There are 2 protein chains.
Amino acid sequence: MTKHQVCMIGSGNMGSAMAKIIGSNVANMPEFDPIVKMYTYPEKLDDGSNIVDSINEFHENKKYLPGVPLPHNVLAVGDVKESCKGCDYIVIVTPHQFLPGLLKQMIGLIPETATAISLIKGVTLKDDSISTVTDTVTEILGIPCGALMGANIANDCAHEQFCESTIAFKDPSLGELWKPIFNTPVFRIKVIDDLVLQQLCGTFKNIYATGVGFLDGLGLGESTKAAFIRIGMEETFKFANWYFPDSGCKMETLLESCGVADFICTSYGGRNRKCAEAFVKTGKSLEELEKEILNGQKLQGVLAAKEVATLLKIRGNFKEYPLLVTIHMIATKQIEPKMILEYDGDHVDQLKVE
Amino acid sequence: MTKHQVCMIGSGNMGSAMAKIIGSNVANMPEFDPIVKMYTYPEKLDDGSNIVDSINEFHENKKYLPGVPLPHNVLAVGDVKESCKGCDYIVIVTPHQFLPGLLKQMIGLIPETATAISLIKGVTLKDDSISTVTDTVTEILGIPCGALMGANIANDCAHEQFCESTIAFKDPSLGELWKPIFNTPVFRIKVIDDLVLQQLCGTFKNIYATGVGFLDGLGLGESTKAAFIRIGMEETFKFANWYFPDSGCKMETLLESCGVADFICTSYGGRNRKCAEAFVKTGKSLEELEKEILNGQKLQGVLAAKEVATLLKIRGNFKEYPLLVTIHMIATKQIEPKMILEYDGDHVDQLKVE
């Protein structure tokens, strides 16, 4: 019998953290080929070496996860076609913008029996419509795709701090097949079937964490922050049931790691919060702060707020999501940060989107 | 027609913060007598004056909420019988231990049409049984009693920071009558009918916040803290459905202010967390830390964990609540704080209760 084989598409901070877990787990699973191929974009490191060679020589991703040893059975591969060929467990953990291009190169190279799992937090928002990352994968590759999301900051996972995460598949029996590849005593996986709300939580939590950052910038306390995290969860659930009425979004999902725990974790620990706090305290634009604090990386919460607000404006129901709209209006300097405290006031009527 | 009249039984930190809100609201409600009588235990202040006289002269509770002006229509009354006589809206916000004694003095003095609302966070645990505070009030006074709970730290409310709170009555139409007495643009009330889970959340959040304090003491990150807050909410819901199977506990309640928001607020901001962190960092006993940090006040989370663990041990199902049991075992030095990371390990079998 042919052994199963895992490949990973992507090797950034989260990809490398997961490579550590997956490599270690798969090495102990006799039904799997122990080699985990990890597609790694072949960029040059500061010392002039190629990151692919560096990972394979030193078993460490010196650029994206320095100081954390990777298992020796994790093999960096610089060519995406080479990395996925013949693999039936496909882990997708590439930056969102590279996804369609990479998937198209993979067509025809993976077995028909393959399944995929996305670790890309969020959904694809385009004009007046939303699609999930997992739908994109299934459309292009023609295989079932689930997602893994939860309160799991990559560095916490890499350093084996206790984390939980949630795997969702429309068919949860596929999720159960994936579970042992990720599950460890300190990275505990639960499988659910609510793939849509799970992925929406992954996008919307960044929006509301931006709002919590504004509250921190205003010097407000724990009661207020807790209230806004709660309201954010409520708006997320409302949106999920409105936009995806037939997908079976469940309230239970909000109580999984991908729900409440990820909202908390991101609202207290993430970079959206940090930049939003600095935005209020310094008066600088978020674009400036992205350059200063994030070295040019884009703030996911600000982007997502803009895209969702645009969609809601086109559909004419933006007043149903006053906190989301208010956060977007603050981020784009349409209103003052302190207006977040009157988030359901008349200012919402004045929403402008580009 | 006789006007309604509100009295408050209790004038501590939370009582005084609520007196500010209630006094201000009632003054604008023509169907209410504008005077809000507040039972205040007639203790001596440091300057030798009586706190009752001091509140009425300076319109400030100099001991428990210094610096916050109280409305002039809030009248401190040093005698509990005098305070409640003829009042049909009874707000109960006294420390738990004084509750039965005070209630017994009130018998026969309040109209049959009166209703009460408890702001006492928590439930009464005795040996192998639990009763809610609102049941105690109804038993002694023979009137319907609801509760107000949520992520509302008294000082945040007193300083008009944005907060939310949840009113629960078995008959929610009574809750709607109470709502305008508390509701303001920055203290937003929602009414529900799940009185049991609402009050259980008020007790159990202190237990799990103690656990989060241990995690802080161990220097762990946001992913881990978020996971344990989530697990705490899950155990609380499980307990509610097991112990009160016929009370209609609802998952929705966990998504109200009394649920997720209060768990977050207490886990990040409260004194249970603070003392538990110091317990791990200093190696001192919690009793010592209560003296040092809380000026002798008792830690509610530690007390509640002990009482619930005892009940679960007697009933034989403590293994169903491994995080709660682990927190109790750590607090009583049966196991090391780091064991919280293996909260569902075999140590749970060794639970000892006094």
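**Chat about a two-chain model**

Colleague: What does UniProt list for residues 194–341 of chain A?
Modeller: The UniProt record, an unreviewed entry, lists residues 194–341 of chain A as "domain: Glycerol-3-phosphate dehydrogenase NAD-dependent C-terminal". In this predicted model, that span is 74% helix and 0% strand, and its end C-alpha atoms lie 32 Å apart.

Colleague: How many residues of chain A reach a pLDDT of 70 or more, as a percentage?
Modeller: For chain A, 100% of the residues reach 70 or more, and the mean pLDDT of the chain is 95. For the complex, the predictor gives an ipTM of 0.95 together with a pTM of 0.96.

Colleague: Changing topic, what turn lays chain B on chain A?
Modeller: A turn of 180 degrees, with a shift of 0.0 Å along the axis, lays chain B on chain A with an RMSD of 0.0 Å. That is the relation of a two-fold axis.

Colleague: And through which surface do the copies meet?
Modeller: They meet through the same surface, because 100% of the interface residues of chain B are also interface residues in chain A. The contact takes 39 residues from chain A and 39 residues from chain B.

Colleague: How much area do the two chains bury between them?
Modeller: Chain B and chain A bury about 3,100 Å² between them, and 62% of that is on carbon and sulfur atoms. On the chain B side, B:Phe162, B:Arg230 and B:Leu255 supply 22% of the area buried against chain A, which is more than any other three residues supply.

Colleague: How many salt bridges are there across the interface?
Modeller: There are six salt bridges across the interface of chain B and chain A, and 16 residue pairs are in polar contact between the two chains. One salt bridge joins B:Asp344 to A:Arg188, with the closest N and O atoms 2.6 Å apart.

Colleague: Which element of chain B gives the most to the side that touches chain A?
Modeller: H9(B) gives the most, with 11 residues. Among the elements of chain B that each supply at least two residues to that side are strand E9 (163–168), strand E10 (187–192) and helix H11 (257–269).

Colleague: Back to salt bridges, how many does the structure hold over all chains?
Modeller: Over all chains the structure holds 44 salt bridges. Within chain A, A:Asp262 forms one with A:Lys121, where the closest N and O atoms are 3.0 Å apart.

Colleague: Which parts of chain A does that pair tie together?
Modeller: A:Asp262 lies in helix H11 (residues 257–269) and A:Lys121 in the loop between strand E5 (115–118) and strand E6 (123–126), so the pair ties together parts that are 141 residues apart in sequence.

Colleague: Where does UniProt place the feature "binding site"?
Modeller: The unreviewed UniProt entry places that feature at A:Lys121, A:Arg271 and A:Asn272. These residues are spread over 152 residues of sequence, yet they cluster in space, the largest C-alpha distance being 14.4 Å.

How values were computed
Residues numbered from 1 in each chain as written. Chains lettered and ligands numbered in written order. Predicted model: local features only at pLDDT ≥ 70, side-chain atom pairs only at ≥ 80, totals over all residues. Heavy atoms only, no water. Least-squares fit on C-alpha atoms with pLDDT ≥ 70 in both. Contact = heavy atoms within 4.5 Å. UniProt positions renumbered as here; feature names shortened; annotations may be inferred. Helix = DSSP H or I, 4+ residues; strand = E, 2+ residues; numbered from the N terminus. pLDDT = per-residue confidence, 0-100. Buried area = accessible area lost by both parts, 1.4 Å probe. Salt bridge = Lys/Arg side-chain N within 4 Å of Asp/Glu carboxyl O. Polar contact = N/O pair within 3.5 Å; in protein donor to acceptor, adjacent residues only side chain to side chain.
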